[in-house]
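Here is a briefing on the structure shown below. It covers confidence, one helix and the chain contacts.

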Amino acid sequence: MQDVTTIAVASVSGGPTRAGQERWRAIWRNVFPFLVVGAIWEIIAWSGAFPRKLFPTLEDVAVSLVQLTISGILPHHAVDTVIRLLSGFALAAIVGLALGMLMGRSQRAEDICLPLVSILAPIPGLAYTPLFLLWFGPGEVAAVLLVAFVSMFPVIYNSWTGVKAVKEIWIRSAQSMGADRRRMFRYVILPGALPYILTGLRLGLAQAWRILVAVEMLAAVPWGLGWLIFGAREFLNTDAMMAGVVVIAVIGLTLEKYVFQKLEDYTVVRWGMMESMSS
Amino acid sequence: MTNQKQRRRSIVRAVITLAVAAALYQAVALSGYFPPVLMPTIPTIGGTLRDMLADGTMFEHAGATLYRVLFGFCLAVMLGMSLGILMARFKAVENFFLPLVSALMPIPSFSLVPLFMLWFGIGNLTTILVVFYAATFPMLFNTWSGVRAVNPLWLRAAGAMGADEKKLFWKVIIPGAFPFIITGMRQAFLRSWIAVVGAEMIAASDWGLGWVIFDAKEFLQTNVMMASIVVIGVIGFVFERVVFGSIERATVQRWGMVRMAKG
């Protein structure tokens, strides 16, 4: 009895500091690799093995990052990129969801659309870039349409599979309980297919993000991070390029952490459907 | 019976759809609503494809692209697999590399193309490195999770039966992680295939399917573009279905692991 209380007291008094230490150690563990890589980078940059114009020091990159941010150039590029990403993705989500669900519900729609989708989907989206540029002219329209076109396929595929994976028995029991078509869709099919649909949206957004940078380089848009990087190359502004890459990494990480992972948690945890699906 | 009928009807409908789509395209192309240079007819595209195959240019472009993509892909598989296994087996390696990998992974490979162009010039090296960058992460991540997902019961059983470290690795861990590794290879190849086309367009060299598409734009040779897109699609399809499909059949399915991997 005595022992238990002392242990409890000890653990209570030692609790906060130990937790604090634990947290600091975790932070340190995450920061340490970057320090090592940064140090190696600095040594190479300062050693003069490569011209400094091509291999800027981290200070140079930081300075140009701050300067470009203050002058408002970098935020403008970043905002335009994000808007392009979202508008292309929104288009893809609307068309892809409508088509995918239609294909899942109606055998006729599936027979008609599936061959076209399976022919067009495996071709890397970037291969269409020059074609889109010729058809729609260089600039905003071609870029957004291309991003939409590329990210549409994962959405179509997953919403199609999702609707098909809704258990037959749910549909039949809803039918026998007298659900009309609209209610059936709203309360049975949509929730049943949602995990797949969200997966599709996540994949589509990731795909869109991966190719958007290249599209911006090729499509001659006036603003955008891809264009910033590509344009900076002409003037050997390696530090500006690096600053652009850093911003791209930050946007990518934010998408990953706050969009993709949140979506995944949401589907798996809240709906608790992943198990019932796979079994 | 009805199932068979259903399937036959699906096939008939698929053929009809494709025929209708082709006919529609052909009609629009012939109508002259769009200039024929921008929208070549299907026979024109077919003829261009045949000519390019006959005089061997298409093979050279495809060969250059395949060389780049396979070179980068093999490098990525080697690095991704070994680092993934090391990360899963040793906590220290994982602690060091995981933060780096998670920071680098969301950077699209294309954003590094201009930088690589400055550093390594235009041509094979840049393209291969971009492919390598794009393919490494899916490979690494899948290997890592595959090795960690090996059933601990198997490890203990093999240990109890007297397997040493080397045997444990080759006979238990690698086969156990193989379904994940195959998935990683598939994803990695898909990414490299996208990366190589894009990298060839931006960091243009003299050969390559991506380069030829982009170059044809300058001369408004839409037929060449379309023919190359067809070839790109066919090669990608062949790799995905034939190559990786047969690897999967020869290993994972024969070992009877696919169900376990999924369930």
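Chain A has a mean pLDDT (the predictor's confidence in each residue, from 0 to 100) of 80, and 89% of its residues reach 70 or more. This is a predicted model: local features need pLDDT of at least 70, side-chain atom pairs count only at pLDDT 80 or more, and totals for chains, interfaces and linings use all residues. Residues are numbered from 1 along each chain as its sequence is written, while chains are lettered from A and ligands numbered from 1 in the order in which they are written.

**Low-confidence stretches**
- Residues 1-14 of chain A stay under 50 in pLDDT, and the model gives them 0 contacts (C-beta atoms, placed from the backbone, within 7 Å) beyond four places in sequence.
- Residues 274-279 of chain A are also below 50, with 5 contacts beyond near neighbours in sequence.

**Helix α2(B)**
- Helices are DSSP runs (H or I, at least four residues), numbered from the N terminus.
- Ile45(B), Thr48(B) and Met52(B) are the buried residues of α2(B) (20 or more other C-beta atoms within 10 Å of a residue's own, placed from the backbone; exposed means 12 or fewer, partly exposed in between).
- These buried residues fall within an arc of 60° down the helix axis, so they line one face (the arc is that of the directions from the axis to the C-beta atoms).
- Pro43(B), Arg50(B) and Ala54(B) are exposed on the other side.
- Gly56(B), just after α2(B), has a positive phi of about 85°.

**Contacts between chains**
- 42 residues of chain B contact 42 residues of chain A.
- α10(B) gives the most to the side of chain B that touches chain A, with 8 residues.

Key:
Helices (H or I, at least four residues) and strands (E, at least two) are DSSP runs, numbered from the N terminus. Two residues are in contact if their C-beta atoms, placed from the backbone, lie within 7 Å.
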